[in-house]
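Biologist: I'd like to go through this model with you and ask how you justify the words you use for it. Can we take it term by term?

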Amino acid sequence: MTMCTFKRICVTNRHLSERSLEEQLEVAFEYSKPDTVILREKDLSEDEYRSLAYRVKALCDIHDVKLIINKHYNVARELHTPVQLSVDDYKLYGVDCAALSVGVSIHSLNEAIVVGDEGADFLVAGHIFETDCKKGLPGRGIDFLTSIVEKVDIPVYAIGGISDSNIDKVASAGASGVCQMSFYMKL
């Protein structure tokens, strides 16, 4: 029996849901359980984020879902989770994250190669398809994703406009999985 390694990652944005984030995650876990949650609440102070992260971590643990902390590497260290950084934050704080598993959001093949060579553990590549989160900007497309998967030796997760109608294209491109925000936050 072959185990499926293609992962589905829920990226949070509590402003997209009419429910509290914890309630929305409960719905997401019940309806279409993701393998992982990236807690991406950019408008919170570090203290507000930390408080939310502890609550979300407890919820993820109950449902056997992994948690990735966005940006706040000190919170990731406290919770013993990976951290996901922008390329700029990786350049600034990468050395501070040495003991953590670190993912980096990339938007070009060059960024993917550089951060892959510098020790990133995984990449979030986007945006692949047109998305409301990046209104007016065309998606970079499947060829972009394929070029990254072919050039790096670490997992690559696609983000941006991914739905049931195009997820097979992402899987066929060799991505390790998908990151979806609207799908999970609007259930």
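What follows is a chat about the barrel, one loop residue and the pockets.

Modeller: Happy to, and keep in mind that this is a predicted model.

Biologist: What makes you say that the strands form a barrel, and in what order do they come?

Modeller: The 8 strands close up in the order 1-2-3-4-5-6-7-8, with parallel pairing. From one strand to the next, the twist averages 25°.

Biologist: How do you know that strand 3 and strand 4 count as a pair?

Modeller: Pairing takes at least two bridges. Strand 3 and strand 4 are joined by 2 bridges and run parallel, so they meet that cut-off. For a partner in strand 4, look at Gln84, which is bridged to Asn70.

Biologist: And what does helix 2 lie across?

Modeller: Helix 2, residues 46–62, lies across strand 2 (36–39) and strand 3. Its angle to strand 3 is about 165°.

Biologist: Now a loop residue: why is Thr131 called buried?

Modeller: Its relative accessible area is 13%. Buried means under 20%, so Thr131 qualifies as buried. Thr131 sits in the loop between strand 6 and helix 6 (141–151).

Biologist: Which residues does Thr131 touch, leaving aside neighbours within four places in sequence?

Modeller: Gly160 and Gly161 are in contact with Thr131.

Biologist: On to the pockets. What volume does the largest pocket have, and which residues lie nearest its centre?

Modeller: Its volume is about 740 Å³. The lining has 33 residues, and those nearest the centre are Val11, Arg40, Lys134, Ile159 and Met181. Elements giving two or more residues to that lining include strand 4 (83–86), helix 4 (87–93) and strand 6 (122–126).

Biologist: How does the lining of the largest pocket split by class?

Modeller: There are 11 nonpolar, 13 polar and 9 charged residues. Gly is counted as polar, in case you'd sort it elsewhere.

Biologist: What about the second largest pocket: what is its volume, and what lines it?

Modeller: The second largest pocket has a volume of about 210 Å³. Its lining includes Lys7, Ile9, Lys66, Ile68, Asp121 and Tyr157. Strand 1 (7–11) and strand 3 (66–70) are the elements that give two or more residues to it.

Biologist: How many residues of that second lining are nonpolar, polar and charged?

Modeller: The division is 6 nonpolar, 2 polar and 3 charged. Tyr counts as nonpolar and Lys as charged, so Tyr157 goes with the nonpolar group and Lys7 with the charged one.

Notes. Residues numbered from 1 in each chain as written. Predicted model: local features only at pLDDT ≥ 70, side-chain atom pairs only at ≥ 80, totals over all residues. Heavy atoms only, no water. 1 Å grid on protein atoms, 1.4 Å probe; cavity = no way out; pocket = protein on both sides within 12 Å on 5 of 7 lines; lining within 4 Å. Points joined across faces, edges and corners; volume = space filled by probe spheres on them. Helix = DSSP H or I, 4+ residues; strand = E, 2+ residues; numbered from the N terminus. Axes fitted to C-alpha atoms, helices over the stretch in contact; angles between N-to-C directions. Contact = heavy atoms within 4.5 Å. Buried < 20%, exposed > 50% of the residue type's maximum accessible area, 1.4 Å probe, protein only.
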